[in-house]
Amino acid sequence: MEITATRCPVCGSKRIAPLDPKQRPKDLQRRRKRAIDLVITPGAIRRKVVEFRTVAYRCESCQKCFTPERYDRLTRYFHGLMSWFAYQHITHRLGLRSLAALFYETFGVRVNFWEFTDFRHLLVHKYRKTCKLLLAQLIAGPVLYVDETEIKLKDGSGYVWVFASPSATIYIFRRSREGDFLRQMLKDFKGVLVSDFYSAYDGLPCLQQRCLIHLIRDMNRAILDNPFDQELQSITTPFGALLRSIVTTIDEHGLKQRYLRIHAKTAEAFFDALAERFHESEASKALRERLLRNRQRLFTFLQHDGVSWNNNLAENAIKRISDYREDVRRSAKEAGLAEYLVLLSLYQTCRVREISFLKFLLSQKRDVDAFVASKRHRRRLQHVEVYPKGYLPPSIISVRRGKAIRAGDTVAAESE
Ligand SMILES: [Zn+2]
């Protein structure tokens, strides 16, 4: 492909003329580059190498010599190849070492470790907007499932928070487990927040639902620890019966307030009876106190459509962070993790919506809803892909500086 210029990048003049090849100043870039892409179709994956050519120009107004800006910013790898990388790396958890071998063995493409970092960086640059959009959708939505987990990094430790709904998932890293940022982030949230019993959620000014599976698990543990405590069982038995009848309704009709609200009266009666009773055993006192303290947060789901009584959605999403922790073992830094989380958010969103993550990436669409809506209409994709303005990957910068690249690291000199 030929890449041409129409105006001078320095003064903006359109009076430009191609330079005779022999007169090209030495500091101007070479005028041939190759870009590598993967073309992924239902039956095959094919490597595609595109050669780009250009000429140098001289501006007749300001006398500067230049090559076309689009040519300068041309990327070495195109979106199809980077999407394949993200798909293997995020969906199938392949490490960079395996991926480098895979690219070389199957496609004859030598990719360096630092170039994988470029891929991630460029993909994140493209999809950060998507994540912002998803987060806005979550906050405007009727229900939000939240969970958090600790992660140790090379440069300290912190917490990954997940915010999920049946249509989107967003992961966010924070250095501390303090919930202050939640208050700020959720200030416009009008739905029901579903969470475990972690106290950072307590003060948030929205409707809340605590995960009843957590509660049941704790009750079972208390019963095992105090097998002869009749008082304890006088609380857990009616609570269990109440929850069982609710779950039966859910199995039959789904999470519909129309069918569920009949249980609200039984729940209220349960709490009223509990409030009047006096307990002696430690275990039953503790449970009674906990139930009464959370009275307003245990059966909120009965009054709303589509709000679950457990936090499985967020807990499933947080499992991906345990996988990541296992895969990187403290070798990641905050910046790398933050980028990983952007891609993971897209992956998990596609997963809960039952959309192919790979196809979403390949579509080059940045809006998940738009992708779903236009699934059948294939857009013509652009043929030239360039780095974002002002960004050059470290690999190219070092080539330009004329640094000797160590032989062991080097990419096949395909674009030289
Ligand atoms: Zn000029």
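Reader: What makes up the surface that the protein chain exposes?

Author: In this predicted model, the protein chain exposes about 22,100 Å², and carbon and sulfur atoms supply 51% of that area. As for the interior, a residue is called buried if its relative accessible area is under 20%, and 47% of the 416 residues of the protein chain count as buried.

Reader: How do you know whether the radius of gyration of the protein chain fits a compact globule or departs from one?

Author: The globule rule gives a radius near 22 Å for 416 residues, whereas the protein chain has 28 Å, and the value therefore does not match that of a compact globule. Along the principal axes, the C-alpha atoms fill a box of roughly 95 × 45 × 40 Å.

Reader: Why are strand 1 and strand 4 said to pair, and in which direction do they run?

Author: Two strands pair if at least two bridges are found between them; strand 1 and strand 4 (residues 45-54) are joined by 2 bridges, so they meet that condition, and they run parallel. Within this pair, Glu-2 stands opposite Arg-53 in strand 4.

Reader: What makes strand 1 and strand 3 edge strands of their sheet?

Author: The sheet is an open one of 3 strands in the order 1-4-3, with mixed pairing. Strand 1 (2-3) and strand 3 (32-40) each have a single partner strand, so one side of each is left without a neighbour in the sheet, and both therefore stand at the edges.

Conventions:
Residues are numbered from 1 along each chain as its sequence is written. This is a predicted model: local features need pLDDT of at least 70, side-chain atom pairs count only at pLDDT 80 or more; totals for chains, interfaces and linings use all residues. Side-chain values use heavy atoms; hydrogens and water are left out. The radius of gyration is taken over C-alpha atoms; the globule rule is 2.2 Å times the number of residues to the power 0.38. Buried means under 20% relative accessible area, exposed over 50%, partly exposed in between (1.4 Å probe, protein chains only). Accessible areas come from the Shrake-Rupley method with a 1.4 Å probe; for residues, only the protein chains shown count as cover. Helices (H or I, at least four residues) and strands (E, at least two) are DSSP runs, numbered from the N terminus.
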